[in-house]
Amino acid sequence: MDKEKVEQLKIQMQQWLNEAQEFINHISPVQLYTAVGVVLFSFILLLIIRLFKRTTSNTIVLAGLSGSGKTYLFYQLRDGSAHQGTVTSMEPNEDNFILHSEEDKKGKLRPVHVVDVPGHSRLRPKLDEFLPQAAGVVFVVDSVEFLPNCRPASEYLYEILTKASVVKKKVPVLLLCNKVDKVTAHTAEFIRKQLEKEIDKLRTSRTAISDADISNEYTLGVPGEPFAFSQCHNRIIVAEASGLTGEISQLEKFIRENVKP
């Protein structure tokens, strides 16, 4: 009985092959080539889309001077609380997670890889490990203690904005003015203008590639004009936050704009 079924199946398959052959014979070569071309194009397009999705970065780098509140922000993003953010980081804090404000959508959104890079000058080289894979950089500024730290903050930001890994990929940068809940905090507009002035001074004293600063391969701004963030190759956004109170909506918006679900 089994042999009979096998024979019937062979006969049926042969009939299908004959019908397919007859159908192909009735199609003109142009139509046949067109059909094959459409199938190949669709296959290649799907392959490119899959590869693009796999290679699109989900890394957000938190950078800034020590004491600016990066670690507070890290834990607010992940846990919705700053309970562990009181100690200055000596090693990068990094984790993959769904933003705490999006916990109800878990499983539907893409996790974010957030890296909190220590702000101490001796530990900043660690930044170079993460910048090449960054989908966005958040440069955190202490709005309260801004004036005493304006120069070092400007130097650090200058280094980031002239990195080849940032310029070539046009990595967006969020200039995040933290601790705005404090009465003595400076406004985001004031901080932006002061940083632009300091960076303008810096670029006149530095060259794109020199023996003293060989890691920086790009100049900032337009020659002969005062520097402004709008002149940068990549997008620079200025926003406010409070890591202590958990007001980080503008930070979360920046992250989701650059790490798609």
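## Aromatic cluster and surface patch

Phe 74, Tyr 75 and Phe 97 are joined into a cluster by ring pairs. The model is predicted.

**Exercise 1.** Count the aromatic pairs, then classify the pair formed by the rings of Phe 74 and Tyr 75.

*Solution.* A pair of aromatic rings is described by the distance of the centres and the angle of the planes. Ring centres must lie within 6.5 Å, and planes over 60 degrees apart count as edge-to-face. The count comes to 5 aromatic pairs. For Phe 74 and Tyr 75 the centres are 5.2 Å apart and the planes stand at 90°, so this pair is edge-to-face. Phe 74 and Tyr 75 are both buried.

**Exercise 2.** Classify the pair of Phe 74 and Phe 97, and find where in the chain its two residues lie.

*Solution.* The ring centres of Phe 74 and Phe 97 are 6.0 Å apart with planes at 85°, so the pair is edge-to-face. Phe 74 belongs to helix 3 (residues 70-79) and Phe 97 to strand 2 (residues 93-97). The two residues are 23 residues apart, and their pair links distant parts of the chain.

**Exercise 3.** Decide whether Phe 74, Phe 97 and Met 13 are buried or partly exposed, and place Met 13 in its patch.

*Solution.* The cut-off for buried is under 20% relative accessible area, and exposed begins over 50%. Phe 74 has 2%, so Phe 74 is buried. Phe 97 has 8% relative accessibility and therefore counts as buried. Met 13 has 45% relative accessibility, so Met 13 counts as partly exposed. Met 13 lies in helix 1 (residues 2-25). Together with Leu 9 and Trp 16, Met 13 makes a nonpolar surface patch of about 340 Å².

Methods:
Residues numbered from 1 in each chain as written. Predicted model: local features only at pLDDT ≥ 70, side-chain atom pairs only at ≥ 80, totals over all residues. Heavy atoms only, no water. Phe/Tyr/Trp six-rings, centres within 6.5 Å; stacked < 30°, edge-to-face > 60°. Buried < 20%, exposed > 50% of the residue type's maximum accessible area, 1.4 Å probe, protein only. Helix = DSSP H or I, 4+ residues; strand = E, 2+ residues; numbered from the N terminus. Patch = residues over 30% accessible without salt bridge, like charges linked within 9 Å, V, L, I, M, F, W, Y side chains within 5 Å. Areas by Shrake-Rupley, 256 points an atom, 1.4 Å probe, with all protein chains shown as cover. Salt bridge = Lys/Arg side-chain N within 4 Å of Asp/Glu carboxyl O.
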